[in-house]
Amino acid sequence: MKLFRTTQGAIIEDAGHFYQLSSPDWDALINREDLAHFLDGERRRSTLLPEFSLDQSGLLAPIGKQEVWAAGVTYLRSRSARMDESRATGGDDFYDRVYNSERPELFFKATPHRVVGHGQKVKIRRDSDWNVPEPELTLLITSTNKIVGYTVGNDMSSREIEGENPLYLPQAKVYDRSCSLGPCILVSDEPLPGTTEIIMEIRRGAQKAFSDSTTFANMKRDPARLVDFLFCDNSFPNGCFLMTGTGIIPPDSFTLQPGDEIRITIEPIGTLVNWVG
Ligand code: DO4
Ligand code: MG
């Protein structure tokens, strides 16, 4: 079942039908441990929307008061790209070590006001000439440490700043509109299978500037273990989102330009579309 946040409130999509939820408090709703079960009951009680267009619904990013965190270097492709970009400055060894360590790389990514949703503009930093999107399967976790849903995430990153010195990571990663989440939350108590495909396409005008795909099976870490590390002596009163790292990085010659369209698809969640602006 999919859960959308819109200017008209929360909407459930089930088997192609849309239902309006009465629940007015988004933060209380998505922090429910029994979210899947609760929505199942709500769907039966809610009114079917006879006509509903997501494009005209005032779709919002599916975030309220939650923090967004991110895991890094969880795919081999991320390890090798970071090693390449930081070799000249001597930072490459850190990425190799974190890829092989028991403790994962976890970093703070965004407060809600830095997050945009489907159809909105993401930003590239004005002090960086080498910028990429990172398509990441993103977990929704309750305050009680339970994964209750999944969304599509874009961890916008400056490779120039990150490559200059690993200590610059927060500046490479955290800035206004540096994170996109959406278009909805796939609510499920079941882990997503390893065959889940993550596809990214970048369009520049009428041309395809880049495309690639990977599967969740290529991720080295167990999502539940990432959550255990994140919640170690760390509380999230409204729950949180955790991006699970990128397995797709464009070639070093590629950098985003204003106007580029970034399309990230993870079925069965959907496609998250953003423009650079
Ligand atoms: O350590 C740098 C960032 C890693 C990251 O964002 C990723 O692997 O997705
Ligand atoms: Mg990332």
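This report walks through the surroundings of ligand 1 and the magnesium ion (ligand 2) in a predicted model.

## Where ligand 1 sits

Let's start with the space itself: ligand 1 takes up the largest cavity. Its shell holds 16 residues, and those coming nearest are Val 73, Ser 78, Glu 105, Lys 173 and Thr 246.

As for character, 7 residues of that shell are charged, 5 are nonpolar and 4 are polar. Four elements each put at least two residues into the shell: strand E5 (67-72), helix H3 (76-86), strand E6 (105-110) and helix H6 (169-173).

## Polar contacts to ligand 1

Two of the nearest residues reach the ligand through their backbones. Val 73 has a polar backbone atom 2.8 Å from an oxygen atom of ligand 1, and for Thr 246 a backbone N or O atom is 2.9 Å from a ligand oxygen. Glu 134 uses its side chain instead, with an N or O atom there 3.0 Å from an oxygen atom of ligand 1.

How much of ligand 1 does the protein cover? On its own the ligand has 280 Å² of accessible area, and the protein covers 99% of that.

## The magnesium ion

Glu 134 turns up again here. Together with Glu 136 (OE) and Asp 155 (OD), Glu 134 (OE) makes up the protein donors of the magnesium ion (ligand 2), at 2.0 to 2.1 Å. Along the sequence, the donor spacing reads E-x1-E-x18-D.

Glu 134 belongs to the loop between strand E9 (131-132) and strand E10 (135-141), while Asp 155 is in strand E11 (residues 147-155), so this pair ties together parts 21 residues apart in sequence.

Conventions:
Residues numbered from 1 in each chain as written. Chains lettered and ligands numbered in written order. Predicted model: local features only at pLDDT ≥ 70, side-chain atom pairs only at ≥ 80, totals over all residues. Heavy atoms only, no water. Near = heavy atom within 4 Å. Polar contact = N/O pair within 3.5 Å; in protein donor to acceptor, adjacent residues only side chain to side chain. Areas by Shrake-Rupley, 256 points an atom, 1.4 Å probe, with all protein chains shown as cover. 1 Å grid on protein atoms, 1.4 Å probe; cavity = no way out; pocket = protein on both sides within 12 Å on 5 of 7 lines; lining within 4 Å. Sits in = over half its atoms within 2 Å of the grid points. Nonpolar A, V, L, I, M, F, W, Y, C, P; charged D, E, K, R; others polar. Donors = N, O, S within 2.8 Å, 3.2 Å for Na, K, Ca; no water.
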